[in-house]
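Trainee: Please take one part of this model and give a close account of it, explaining each term as it arises.

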Amino acid sequence: VAKGSKPKQTIRILSVCSSDKEAFLNSRNFVVLEQHASATIIEESVFLGSGKLFHNSLSEKLISENAHLVTYQIQNEGEKTFSVNTSQIELQKNSSYKNTTITLSGQVVRNNHNVVLKGENSCAHLFGLFSSKSNQLVDNHTLMDHQVPNCESNELYKGIVNDKSTGVFNGKIYVRKDAQKTNA
């Protein structure tokens, strides 16, 4: 939790898993940014080992009124990793959220990024960069849910797809009936 009048906080979360056998990893991060707080979070996942890994991660972030959060998710889990990464974000009035997801490796990587704009004048920006090779699959799914008026969201994803690999981007934007003056 980052408090209101403090200078901008930078937090680094490094998840390292190592196994020479099959492994299953569940991880969860829960972040609450209080009113008027500002923070940067760098989340990095690394797998060291020769075994297969299934990584199921959940990152929940609640961004209070007038708070601002910047996140970077760096995925470099190796060639034998199967991962499902879900980010659930909730924005309150006058808050902002910027995320950059960088996927460098993984046999199958599924990124779910769900953003709910619940407070007026909230703003969300999602950026993604991925690189795949061989027969890898990088599967990016985003959801922007505009529930109130006067909010803004933007998304930009780029991929480098080599060999027989596959890259996916599937973005959905919901603008609720009362969410007038939305820029998405």
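**Strand β5 and its surroundings**

Mentor: L69 lies in strand β5, a strand being a DSSP run of E over at least two residues, numbered from the N terminus. The model is predicted, so local features require pLDDT of at least 70 and side-chain atom pairs pLDDT 80 or more, whereas totals for chains, interfaces and linings use all residues. Residues are numbered from 1 along each chain as its sequence is written, and side-chain values use heavy atoms, without hydrogens or water.

The relative accessibility of L69 is 2%, so L69 counts as buried (under 20%; exposed is over 50%, partly exposed in between, with a 1.4 Å probe and protein chains only). Along the chain, L69 and I173 are 104 residues apart, and 21 Å separates their C-alpha atoms.

Strand β5 belongs to an open sheet of 6 strands, with the order β1-β3-β5-β7-β9-β11 and parallel pairing (two strands pair if DSSP finds at least two bridges). In that order β5 stands between β3 and β7. The edges are formed by β1 and β11, residues 152-161, each of which pairs on one side only. From one strand to the next, the twist of this sheet averages 10 degrees (axes are fitted to C-alpha atoms, and angles run from 0 to 180 degrees between N-to-C directions). Towards the β11 edge, β9 (residues 123-132) and β11 pair in the parallel sense over 10 bridges. F130 has G159 in β11 as its bridge partner.

Strand β5, residues 68-76, also contributes to the lining of the largest cavity. The structure holds 2 cavities of 30 Å³ or more. A cavity is a set of points on a 1 Å grid where a 1.4 Å probe fits but cannot get out, and lining residues have an atom within 4 Å of a point. The volume of the largest cavity is about 190 Å³, counted as the space filled by probe spheres set on the points. Of its 18 lining residues, E43, S45, S57, Q73 and N85 are the closest to its centre. Besides β5, the elements that give two or more residues to this lining are β1 (9-18), β2, β3 (38-48), β4 and β6 (81-91). Strand β4 supplies the largest share, 4 residues. By class, the lining divides into 3 nonpolar, 12 polar and 3 charged residues (nonpolar: Ala, Val, Leu, Ile, Met, Phe, Trp, Tyr, Cys and Pro; charged: Asp, Glu, Lys and Arg; polar: the others, Gly among them).

The second largest cavity has a volume of about 50 Å³. Q73, Q75, N85, S87, T101, N111, N112 and H113 line it. Q73 and N85 thus recur, being among the residues closest to the centre of the largest cavity and in the lining of the second largest. Strands β5, β6 and β8 (108-117) each supply at least two residues of the second lining, and β8 gives the most, with 3 residues. This lining holds 8 polar residues, no nonpolar ones and no charged ones.

Strands β4, β6 and β8 lead to another sheet. Here 6 strands form an open sheet in the order β2-β4-β6-β8-β10-β12, with parallel pairing. Its edge strands are β2 and β12 (166-175), which each pair on one side only, and its twist averages 5 degrees from one strand to the next. Within this sheet, β8 and β10 pair in the parallel sense over 10 bridges, and V115 stands opposite M144 in β10. Strand β10, residues 137-146, is also joined to β12 by 10 bridges, again running parallel; the partner of H141 in β12 is N170. Of the 10 residues of β10, 9 are buried, so this strand is largely enclosed by the rest of the structure.

At the β2 side of this sheet there is an aromatic contact to consider. The whole structure contains 2 aromatic pairs (ring centres within 6.5 Å; stacked if the planes are under 30 degrees apart). In the pair of F24 and F54, the ring centres are 5.4 Å apart and the planes lie at 5 degrees, so the pair is stacked. F24 lies in β2 (residues 23-33) and F54 in β4 (residues 53-63), so the pair ties together parts that are 30 residues apart in sequence. F24 is exposed, with a relative accessible area of 55%, whereas F54, at 32% relative accessibility, is partly exposed.

How values were computed: Phe/Tyr/Trp six-rings, centres within 6.5 Å; stacked < 30°, edge-to-face > 60°. 1 Å grid on protein atoms, 1.4 Å probe; cavity = no way out; pocket = protein on both sides within 12 Å on 5 of 7 lines; lining within 4 Å.
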